[in-house]
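Welcome, and please open your viewer. This tour moves from one selection to the next and says what to look for at each.

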Amino acid sequence: MTVDLSVPVVHLHIGGEARTGGSGGVHQHVYPATGEVQGPVPLAGPDDVDAAVGAAHQAYAQWRAWRPSERARVLRRLGELMERDAAEIARLSVLDNGMSAGMSQPLVAIMANWTSYYAGWADKVEGRVTSFPANQRELGYSMPEPYGVVGIILTWNGPVVSVGMKLIPALAAGNTVVMKPSELTPYATEHLMGLVKEAGIPDGIVNLVLGGPETGDALVRHPLVNKVSFTGGPATARKILTRCAESLKPAVLELGGKSANVLFPDADLDTAVAVNAFSVLGTLAGQGCAIPSRMIVHNDIYDDVADRVLAIVSGMRCGDPFDPATLISPVVTREARQRILAMIDRAQTDGAKLLAGGRVPDYLSRECSDGFFVEPTVFGDVEPDSELGQIEVFGPVLSLMRFETEEQAIAIANSTEYGLAAYVYTKDIDRVQRLVSALDAGGVYVNGASPVTGCELAFGGVGISGYGREGGEEGLFEFLRTKAVGIA
């Protein structure tokens, strides 16, 4: 199999300028599947961030003055270009973080769908007309207005999805944007910036600066950035909120998860087990925020479910992400692999039963022998209050837990500080309604429903999974603030 491993030259995109260097230094990008350096990534320093925010601020008046129908037109065109270049964006997504080609293609389709969806919202932003009850001679109405410059910090595990969830609704609402992808994933967003220009979006409307925490800190603290949208982990989110608090700047936070999947005896086990196993272990090697990594199984079906999970896992292989037979991609860095393996070791010390995996695979090809792979790993009889039961692994690790009663299942599902997603498998509609209300999560997905494939439904968390919503009308209005107008 011949695979194109070439990568584009990476730039900082500031106004109409594509800069090959930044004052923050250079990051050497490593392809996770091979451990080999692919090329340099320029990092933005504070002065680069300042220039990008300045370009966005200067362009804001022009973008806001466009008719909403014109903004809708160029965003629709951008969605069409994403579809046209879907194969190339998917290829670059694999080279970004090592995700499998089978995963990168649907993620690009999700980005294009979200782009088309929010293009349709651009000319439908409306306020509300009312009258003041005390004096019918006065007219009152509300005006949804954009914030101005929005700072967007993308996640490394799925930057193209974050583009659809964050960048596009921000533009549809009339904001200009400074976008910071991770230095770990520079290639797909580099290609995207060419499509932004080709779609007819003027210079300065979308700016891109790459970098790590220092770059993000400069973006969040900039006085001309009026709102921040961030996807990542709770620890980084706390630092961002500390910076936002200095100027009382609002933020949208889509953070991690330790999502539960509750299986009752009447569940369709063929679907439930297959979806759970593949979504946890085969989705970016477990590096997903909303994956159901805790499988909470009724004791009557526990042994059957465990056997089914192990049968599926026995056919999952790590390997070249471009090989269609590969289901388990590498994790993003060598350090991530070390962290995951250490957590696997501690789980065994804590008494969890290792049912499958738990090691670096020994069957990898010569080309992938230095890649950052972890075998798909399954633990049984995990205690809900253990580290493995409470802390997000962000790796290919699935935990099985037992329950006897519905009340016990709810208590286990709600026992973590996270609250991004919850999943339920049962044919009992009354039980579904009870659990939808009882589960502490931003979304509850029943019998195979998915959180982010549908752009019409709001997505977000509670607890340390963050706040604010992406998707649907709620996702658009995260980038609008309401002005009240009264006329005597």
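## Starting at the sheet edge

Begin by selecting Ala-421, which stands opposite Gly-443 in E18. Helices and strands here are DSSP runs, H or I of at least four residues for helices and E of at least two for strands, numbered from the N terminus. This is a predicted model, in which local features need pLDDT of at least 70 and side-chain atom pairs count only at pLDDT 80 or more, while totals for chains, interfaces and linings use all residues. Residues are numbered from 1 along each chain as its sequence is written, and side-chain values use heavy atoms, with hydrogens and water left out.

Now show strand E17 (residues 421–425) together with E18: the two pair in the parallel sense over 4 bridges. Pairing requires that DSSP finds at least two bridges between two strands.

Stay on E18 and turn on its side chains. Gly-443 and Tyr-445 point to one face and are buried, whereas Val-444 and Val-446 point to the other and are not. Buried means under 20% relative accessible area, exposed means over 50%, and partly exposed is in between, using a 1.4 Å probe and protein chains only. In a regular strand, side chains alternate between the two faces of the sheet.

## The whole sheet

Widen the selection to the open sheet of 7 strands, ordered E14-E15-E16-E13-E12-E17-E18 with mixed pairing. At its edges are strand E14 (353–356) and strand E18 (443–446), each pairing on one side only. On average, neighbouring strands are turned by 25 degrees against each other, direction ignored. Axes are lines fitted to C-alpha atoms, for helices over the stretch in contact, and angles run from 0 to 180 degrees between N-to-C directions.

Next, pick strand E13 (residues 294–298) and strand E16 (residues 397–403), which run parallel and are joined by 5 bridges. His-298 has Phe-403 in E16 as its bridge partner. Then add helix H11 (residues 334–349), which packs on the sheet and touches E14, strand E15 (377–380) and E16. Contact means heavy atoms within 4.5 Å.

## Two unusual phi angles

Go to the loop between helix H9 (269–281) and E13, where Leu-284 lies. Phi of Leu-284 is near 55 degrees, a positive value in a residue other than glycine. Ala-285, in the loop between H9 and E13, also has a positive phi, of about 55 degrees. Most residues other than glycine have a negative phi. Are these residues buried or exposed? Leu-284 counts as buried at 9% relative accessibility, and Ala-285 counts as buried at 0%.

## Helices and the core

Select helix H5 (residues 159–172) with H4: their axes come within 8 Å and cross at roughly 10 degrees. That makes H4 roughly parallel to H5, a label for angles under 35 degrees (over 145 is roughly antiparallel, 65 to 115 roughly perpendicular, and the rest oblique). Residues meeting here include Trp-114 and Tyr-118 in H4 and Ile-168 and Pro-169 in H5.

Finally, which residues touch the most other members of the largest nonpolar core? Of its 124 residues, they are Leu-78, Leu-167 and Met-179. Helix H4 (residues 101–121) gives this core its largest share, 12 residues. A nonpolar core is a set of buried Ala, Val, Leu, Ile, Met, Phe, Trp, Tyr and Cys residues joined through side-chain atoms within 4.5 Å.
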